[in-house]
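Student: I would like a close look at one part of this protein. Could you walk me through a helix pair and the surroundings it connects to?

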Amino acid sequence: MNRRNAQNALIALCLVLAACSGETATSSTTVADPSTTAVPTAPTTSEATAPDTTGRSSGRDVELVDCEEPAEEVAIVCEAYDLIQTHYVDEIDEGDLAEAARLGLELLDGSDSEELLVCAAPDEYFSTVCDVAGGAADDSTEAAEAMVAGLATFALDPNSGYFDPQALDLLQEEQEGEIEGIGALVSPEDETIPGDNKQCGVISETCRLLVVSTIAGAPAEEAGLVRDDVIIGVDGQPILDWTVDEVTSAVRGPSGTEVILTIERGDETLDISIERAAVLIPVLEDEVVGDVGYVRLYNFTGNAGPQFEESVVDMLSAGVDELVIDFRDNPGGFLTTAIEVASVFLEEGDVVITEGPGENLSYEVNGNAIVPDDMDVTVVVNKGSASASEVVSAVLQERGRATVVGENTFGKNTVQQRFSLSNGGALKLTIARWLTPGGLDFGGTGVTPDLALDVNGLDSTELVESLG
């Protein structure tokens, strides 16, 4: 088997494979993050009165400031509020935003401080939120960060999120290929949520963190972590009320160090010790199996498009009669790379359409198709196939250019953009949803294969032989 040498480091344990996201420190669009696409119903607030200049909670003075000239330590609340109102894919009620900020404060341990607390009130609904801040936060900075985290966690979809400066540093390390961890892809799912989309934002008794897949040869696989394991603890600490980002941060760490995951597997509860390591995977691998050209693409990195095209050219030069394209456990990546990959098969037309607030955008192929129109193409997917892999699978299926085989994909059809905040952190917002050119939305349910087949655990030869 010919393995391409180009490799890409992936996040150690993640809902979001940020190394493939194409995000910058300020802002850019990406379809990389495997997660939910539908926005959960935000909690409803009761009607609040306009804020006074000073509130009081637990005997503590709380100074309310508006967003005309907010104090530096609380400006991020105003910034986040404005970004959500301007850029978020769905309109969110002001009262629901205030309630989400309050829920963020409720996660704090509480405070007995008597120091004056400054609290930003972007609108009249936030006066009662600031009352809660007085009894919840040690200082104004802690209150502001908790409110912003609450906005992202409780009012928006799970793909949106707040990164404090330390978390943002870790994210940027991921994008630079400096990740060390265990090598697993996880998904938070709540079976009590009606409908097909079961994604959730905060771990609870019903919102459970499931292992979707492990990277071949990575520590998670070697330690025995398997698909559908439910992670319930990290290093002896239950993860109830944690966000997935918090779980990720706890699991990651330097190579050679140990992390202990508590998992539920069926009726068993197990502690699994995993030694962290640098997690590297090839961009792709290819092989001629009989008269079939097999190409497996692991992720849609920035350099994956040319490598994929080169691989297909090699297969055609070898005289294969058909192609099998393997997207199993491919979490996605750059939208530009998805367009490059689709363009190998399609001479004209759109690859994907994004729908955002007041703006719809279409993305066309580049006109460089190299695969003959009469060559049979099979695309193989599973639950770990997400985002950009779904974009390509869906458009090839819709255009009748490929037969999709396997199981329903992850169901990630949203586009994120990351915005810098004045405290050195960032707010990531879902700014659009993607649809196929024919208007089909695979959010939540994923791409449905033309042929349902158990393709998990098969090597290249076994997979090609199973396709007959």
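Tutor: Happy to; what follows is a tour that starts at one helix pair and then moves to other places in the chain. Please keep in mind that this is a predicted model.

Let us set the scene. The protein chain has 11 helices and 27 strands. Of its 468 residues, 54% count as buried. Among contacts with a separation of 6 or more, 74% join residues 24 or more positions apart.

Now to the part you asked about. Two packed helices are described by the angle between their axes and the distance between the axes. Helix H3 covers residues 126–136 and helix H4 covers residues 140–155; their axes are 10 Å apart and meet at an angle of about 125°. H3 and H4 are therefore oblique to each other, and their crossing is right-handed. On the H3 side, the contact is made by Phe126, Val129, Ala133 and Ala136, while H4 brings Glu142, Ala143, Met147 and Leu151. Sorted by character, the residues of this contact are seven nonpolar, no polar and one charged.

Phe126 of H3 is worth following further. The chain holds three aromatic pairs. In one of them, the ring centres of Tyr81 and Phe126 are 5.9 Å apart and the planes stand at 85°, so the pair is edge-to-face. This pair links distant parts of the chain, with Tyr81 in helix H1 (residues 75–87) and Phe126 in helix H3, 45 residues apart. Tyr81 and Phe126 are both buried.

H1 leads us to Asp66, which is found in the loop between strand E6 (60–65) and H1. With a relative accessibility of 46%, Asp66 counts as partly exposed. Leaving aside neighbours within four places in sequence, Asp66 is in contact with Cys78 and Ala121. Ala121 is 55 residues from Asp66 in sequence, yet their C-alpha atoms are 5.2 Å apart in space.

For comparison, take a second helix pair. Helix H8 (residues 304–317) packs with helix H9 (residues 335–343) at an angle of about 15°, and their axes are 8 Å apart. That makes H8 roughly parallel to H9. The crossing of H8 and H9 is right-handed. Here Ala304, Gly305, Pro306 and Phe308 in H8 meet Thr337, Glu340 and Val341 in H9. The residues of this contact divide into four nonpolar, two polar and one charged.

Finally, a word on the backbone. Most residues other than glycine have a negative phi. Asp235 has a positive phi of about 50° although it is not a glycine. Asp235 lies in the loop between strand E12 (230–234) and strand E13 (237–238), and with a relative accessible area of 41% Asp235 is partly exposed. Ser387 is not a glycine either, and has a positive phi of about 55°. Ser387 sits in the loop between strand E23 (376–381) and helix H10 (388–398). At 0% relative accessibility, Ser387 counts as buried, whereas Asp235 is partly exposed.

To return to your helix pair on the screen, start from Phe126: this residue takes part in the contact of H3 with H4, and its ring pairs edge-to-face with that of Tyr81.

Methods:
Residues are numbered from 1 along each chain as its sequence is written. This is a predicted model: local features need pLDDT of at least 70, side-chain atom pairs count only at pLDDT 80 or more; totals for chains, interfaces and linings use all residues. Side-chain values use heavy atoms; hydrogens and water are left out. Axes are lines fitted to C-alpha atoms, for helices over the stretch in contact, and angles run from 0 to 180 degrees between N-to-C directions. Helices (H or I, at least four residues) and strands (E, at least two) are DSSP runs, numbered from the N terminus. Angles under 35 degrees count as roughly parallel, over 145 as roughly antiparallel, 65 to 115 as roughly perpendicular and the rest as oblique. A crossing is left-handed if the near helix is turned anticlockwise from the far one by less than a right angle, and right-handed if clockwise. Contact means heavy atoms within 4.5 Å. Ala, Val, Leu, Ile, Met, Phe, Trp, Tyr, Cys and Pro count as nonpolar, Asp, Glu, Lys and Arg as charged, and the others, Gly among them, as polar. Rings of Phe, Tyr and Trp (its six-membered ring) pair if their centres lie within 6.5 Å; planes under 30 degrees apart count as stacked, over 60 as edge-to-face and the rest as tilted. Buried means under 20% relative accessible area, exposed over 50%, partly exposed in between (1.4 Å probe, protein chains only).
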